[in-house]
Amino acid sequence: MSGMNAGMGSARGDQLDAGFAKLQGEDFQYIMQSYEIIVGRNSKKGNVDLDLSAVGGDRDVSRRHARIFYDFQHRSFALEVLGQHGCYVQRVLHRPGDDPVKLKSQDLIQIGQTQFYFLLPARPIFASFAGEETP
């Protein structure tokens, strides 16, 4: 999986890619299509899901800088810091070893010099199915 290409999202005919959440930067977007992704930079040792070096990330971005995942126990997305330089969520610094940070839609995340927003769909993905059932 090449990270950016796999998550860019594209229209195929009249069907749009669906995802759990979207990471929206100034000049990139990544559509999460799994319950967990690793954000960082690709290297000879391996690739990550979202390669920030491909979108202007700097040396402060670790190979495996952060894990964004769905926390089933708390029923929300969260971010776990893996990189030594930490990262910011809503302008608050979080460091490796800290508890995972609960993410809300429109939270601003900064890793190195790269900023992007965490966005959830306007309505739950499965909401349309619930409305179709009749008692």
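**Entry 1: H65**

I started with H65, which is found in strand β7. I note here that the model is a predicted one. Is H65 buried or exposed? I looked up its relative accessibility, which is 0%, so H65 counts as buried. I then listed what H65 touches, leaving aside its neighbours within four places in sequence. The contacts are V39, G40, D60, E80, V81, L82, G83, H85, G86, C87 and I111.

**Entry 2: the chain as a whole**

Next I looked at the whole chain. I found two helices and 13 strands in the protein chain. The chain has 135 residues, and buried residues make up 36% of them. I also looked up the contacts with a separation of 6 or more: residues 24 or more positions apart account for 41% of these. The chain exposes about 8700 Å², and carbon and sulfur atoms supply 47% of that area.

**Entry 3: the sheet of five strands**

I went back to β7 and asked which sheet holds it. What is the order of strands in the open sheet of five? I read it as β6-β5-β7-β8-β11, with mixed pairing. The edge strands are β6 (50–51) and β11, and each of them pairs on one side only. I checked one pair in this sheet: β8 and β11 run antiparallel and are joined by three bridges. In that region A78 stands opposite K102 in β11.

A reminder to myself on how strands are held: strands of a sheet pair through backbone hydrogen bonds, either parallel or antiparallel.

**Entry 4: the sheet of six strands**

I then traced the other sheet. This open sheet has six strands in the order β4-β3-β13-β12-β9-β10, and the pairing is antiparallel. Why do β4 and β10 (92–94) each have a side without a neighbour in the sheet? They stand at the edges with a single partner strand each, so one side of each is left free of a neighbour. From one strand to the next, the twist averages 25°.

I followed β3 to both of its partners. Strand β3 (residues 21–25) is joined to strand β4 (residues 29–32) by four bridges, and the two run antiparallel. The link between β3 and β4 is a hairpin through three residues. One bridge here puts A21 with M32 in β4. Towards β13 (residues 114–119), β3 again pairs in the antiparallel sense, over four bridges. There, G25 has F116 in β13 as its bridge partner.

I also looked up I31, whose place is in strand β4. Its relative accessible area is 14%, so I31 is buried, the cut-off being under 20%. I31 and L50 are 19 residues apart in sequence, and their C-alpha atoms are 9.8 Å apart in space.

**Entry 5: rings**

How many aromatic pairs are there? I counted seven aromatic pairs. I took Y35 and Y70 as an example. Their ring centres are 6.2 Å apart and the planes stand at 50°, so I wrote the pair down as tilted. Y35 lies in the loop between β4 and β5 (36–40), while Y70 is in strand β7 (residues 64–71), so the pair ties together parts that are 35 residues apart in sequence. Y35 has a relative accessible area of 41% and is partly exposed. Y70 is also partly exposed, at 23% relative accessibility.

Both residues belong to a cluster: ring pairs link F20, Y35, Y70, F72, F77 and F118.

I noted one charge over a ring as well. The charged end of R67 sits over the ring of F69, 3.8 Å from the ring centre.

**Entry 6: two positive phi values**

Last, I looked up residues other than glycine with a positive phi. R75 has a phi near 55°. R75 lies in the loop between β7 and β8 (76–81). Is R75 buried or exposed? Its relative accessible area is 69%, so R75 is exposed.

Q106 is not a glycine either, and its positive phi is about 80°. Where is Q106? I found Q106 in the loop between β11 (101–103) and β12 (107–111). At 58% relative accessibility, Q106 counts as exposed.

Conventions:
Residues are numbered from 1 along each chain as its sequence is written. This is a predicted model: local features need pLDDT of at least 70, side-chain atom pairs count only at pLDDT 80 or more; totals for chains, interfaces and linings use all residues. Side-chain values use heavy atoms; hydrogens and water are left out. Two strands pair if DSSP finds at least two bridges between them. Axes are lines fitted to C-alpha atoms, for helices over the stretch in contact, and angles run from 0 to 180 degrees between N-to-C directions. Rings of Phe, Tyr and Trp (its six-membered ring) pair if their centres lie within 6.5 Å; planes under 30 degrees apart count as stacked, over 60 as edge-to-face and the rest as tilted. Buried means under 20% relative accessible area, exposed over 50%, partly exposed in between (1.4 Å probe, protein chains only). A charge sits over a ring if NZ of Lys or CZ of Arg is within 6 Å of the ring centre and within 35 degrees of the ring normal. Contact means heavy atoms within 4.5 Å. Accessible areas come from the Shrake-Rupley method with a 1.4 Å probe; for residues, only the protein chains shown count as cover.
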